[in-house]
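Thanks for coming, everyone. Let me put the structure up, and then we'll walk through it.

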Amino acid sequence: LKVVAFNGKRGRIQGRDEATGPWIVLLDGCSKCVKVKLENLRAADQEVVQAVQELVDGSVVLLTGLKVVAFNGKRGRIQGRDEATGPWIVLLDGCSKCVKVKLENLRAADQEVVQAVQELVDGSVVLLTGLKVVAFN
């Protein structure tokens with residue numbers, strides 16, 4: 001679902017589609033939920049942004065589903081996010097190399113971190129951005 005008309009709309013995160021990855025957002029003033037990729041969401045509450053960032057930076061992750069197959073299954077530690085282009089910066093274990101990885105290619109190695117992020121994010125107010133198609137699917 002990519003609809004320009006939704007850009008700038010506010011909504012509340014209801015959860016995440018664990019099978020396919022996008023976040024489920026209930027749009028304000030509407031009974032409709034839409035599925036949105038993380039890169040198309042901006043937190044409306046700066047405290048939530050900061051809390052998620054602090055929780056995620058330093059988290060141990062596993063790389064999965066990458067086209068560069070040699071990196072799949074590798075462990076690393078989140079160093080931050082490239083705010084200009086969107087991917088997460090991961091320092092790979094056992095080397096000094098950082099790689100940039102999309103969220104859908106990261107799995108938290110620590111289930112407590114996964115649960116804490118989920119609890120923090122569910123119910124957060126977000127703005128939809130960067131959606132590109134004019135027509136509604």
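Accessible area, as I use the term here, is computed by the Shrake-Rupley method with a 1.4 Å probe. Keep in mind that this is a predicted model.

On that basis, the protein chain exposes about 8400 Å². Carbon and sulfur atoms supply 54% of that area. And what is the share of buried residues? It's 32% of the 137 residues in the protein chain.

Next, the secondary structure. We have two helices and 10 strands. What pattern do they follow along the sequence? Read it with me: β-β-β-β-α-β-β-β-β-β-α-β.

Now contacts. Take those between residues at least 6 apart in sequence. Of these, 53% join residues at least 24 apart.

On to one sheet. It is open, and five strands form it. The order is β8-β7-β6-β5-β9. Parallel or antiparallel? The pairing is antiparallel. Which strands sit at the edges? They are β8, residues 98-101, and β9, residues 106-108. Each of those two pairs on one side only. Ignoring direction, neighbouring strands of this sheet are turned by 45 degrees against each other on average.

Let's zoom in on one pair. Strand β7 covers residues 88-92. How many bridges join β7 and β8? Four, with the two strands pairing in the antiparallel sense. If you want a spot to look at on screen, find tryptophan 88. Opposite this tryptophan stands valine 101, in β8.

To recap the sheet: five strands, open, antiparallel, with β8 and β9 as the edge strands. That's my tour.

Methods
Residues numbered from 1 in each chain as written. Predicted model: local features only at pLDDT ≥ 70, side-chain atom pairs only at ≥ 80, totals over all residues. Heavy atoms only, no water. Buried < 20%, exposed > 50% of the residue type's maximum accessible area, 1.4 Å probe, protein only. Contact = heavy atoms within 4.5 Å. Pairing = 2+ DSSP bridges. Axes fitted to C-alpha atoms, helices over the stretch in contact; angles between N-to-C directions.
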